[in-house]
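Student: Before we discuss individual residues, could we go through the reasoning behind the terms used for this model?

Tutor: Certainly; let us begin with the overall picture.

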Amino acid sequence: MTASFPLTGEPLALDLVNTRVLDGTVDLLGTPEALADWLTAQAGRLAAVPGPVPEVGAPELAAVHAVRDTAARLIAPARAGQAPPPDALHRLNGHLAAAPAHRELGWGEDGFTAGVRRPAPLADRLAAELAEAVADLLTDPRLDRVRQCEGHDCVLLFLPAHPRRRWCVPSVCGNRARVARYYERHKGDLPESRQAL
């Protein structure tokens with residue numbers, strides 16, 4: 001069964017950080033199966049998983065959790081223009097170094113092809129590639145535009161394509177906010193029995 005993730009299609013680093021929701025109390029990547037579902041949802045975005053998602057276990061889950069936790073610690077101060085915690089920066093650099101990449105040439109019917117190859121275990125490849133996505137986000141000039149959803153109790157981050165975007169998913173968090181405003185405006189218009197709800 002494929003799980004539903006609340007927001008995908010943002011920069012990969014934000015998609016990763018957004019797998020901890022409700023102020024970090026709910027982990028959408030709590031099991032290897034959930035990680036496999038997330039990797040399926042990210043199909044085509046990770047060179048470490050070029051085709052069908054291989055079996056993932058505790059090492060891959062631990063590696064992805066480590067990068068996600070480090071990314072969250074780096075993104076928060078960076079969005080505010082503050083210096084990152086040195087230990088988090090050191091950890092991210094460690095993930096980048098764990099599975100060095102090199103280009104590998106091949107020959108096909110259309111001529112030469114070049115691809116990135118990481119000869120390392122899957123856990124290290126995943127961690128390194130996700131760490132690269134975090135590094136890309138942290139060095140992106142649009143980093144200061146990353147926003148947290150304004151929805152009540154929503155902690156999801158997004159990079160708005162439109163400067164007036166306020167919610168991660170307008171049809172979910174935006175709709176909840178509009179309904180709450182409507183009820184607040186019309187509270188006096190409701191019968192007393194409905195106001196207690």
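Tutor: This is a predicted model. Read from the N terminus, its elements follow the order α-β-β-α-α-α-β-β-α-β-β-α-α, that is, 7 helices and 6 strands. Buried residues account for 37% of the 197 residues.

Student: What is the mean pLDDT of the protein, and which element has the lowest mean value?

Tutor: The protein has a mean pLDDT of 87, and 87% of its residues reach 70 or more. Among the elements, helix α7 (residues 192-195) has the lowest mean, 58, whereas α3 has the highest, 97. Where pLDDT is low, the predicted coordinates should not be read in detail.

Student: Why is Trp107 called exposed?

Tutor: The term exposed requires a relative accessible area over 50%. Trp107 has a relative accessibility of 66%, and therefore counts as exposed. Trp107 lies in strand β3, and together with Leu105 and Phe112 it makes a nonpolar surface patch of about 470 Å².

Student: What makes β3 and β4 a pair of strands?

Tutor: Pairing requires at least two bridges between the strands. Strand β3 (residues 102-108) and strand β4 (residues 111-117) are joined by 7 bridges and run antiparallel; the requirement is therefore met. With 2 residues between them, β3 and β4 form a hairpin.

Student: Which residue of β4 stands opposite His102?

Tutor: Arg117 in β4 stands opposite His102.

Student: How do you know whether Leu159 is buried or exposed?

Tutor: Buried means a relative accessible area under 20%. The value for Leu159 is 10%, so Leu159 is buried. Leu159 is located in the loop between β6 (157-158) and α6 (170-185).

Student: What is Leu159 in contact with, beyond its neighbours within four places in sequence?

Tutor: With those neighbours left aside, Leu159 is in contact with Glu10, Pro11, Leu14, Arg142, Arg145, Val146 and Arg165. In addition, the C-alpha atoms of Leu159 and Arg147 are separated by 6.3 Å, although these residues are 12 residues apart along the chain.

Student: Which residues of helix α2 are buried, and what do they pack against?

Tutor: In helix α2 (residues 32-41), the buried residues are Ala34, Leu35, Ala36, Asp37, Trp38 and Leu39. The buried residues of α2 pack against α1 (12-17), α3 (58-79) and α5 (122-138).

Student: How much surface does the protein expose?

Tutor: The protein exposes about 11,700 Å², and carbon and sulfur atoms supply 55% of that area.

Note on methods
Residues numbered from 1 in each chain as written. Predicted model: local features only at pLDDT ≥ 70, side-chain atom pairs only at ≥ 80, totals over all residues. Heavy atoms only, no water. Helix = DSSP H or I, 4+ residues; strand = E, 2+ residues; numbered from the N terminus. Patch = residues over 30% accessible without salt bridge, like charges linked within 9 Å, V, L, I, M, F, W, Y side chains within 5 Å. Areas by Shrake-Rupley, 256 points an atom, 1.4 Å probe, with all protein chains shown as cover. Salt bridge = Lys/Arg side-chain N within 4 Å of Asp/Glu carboxyl O. Buried < 20%, exposed > 50% of the residue type's maximum accessible area, 1.4 Å probe, protein only. Contact = heavy atoms within 4.5 Å. pLDDT = per-residue confidence, 0-100.
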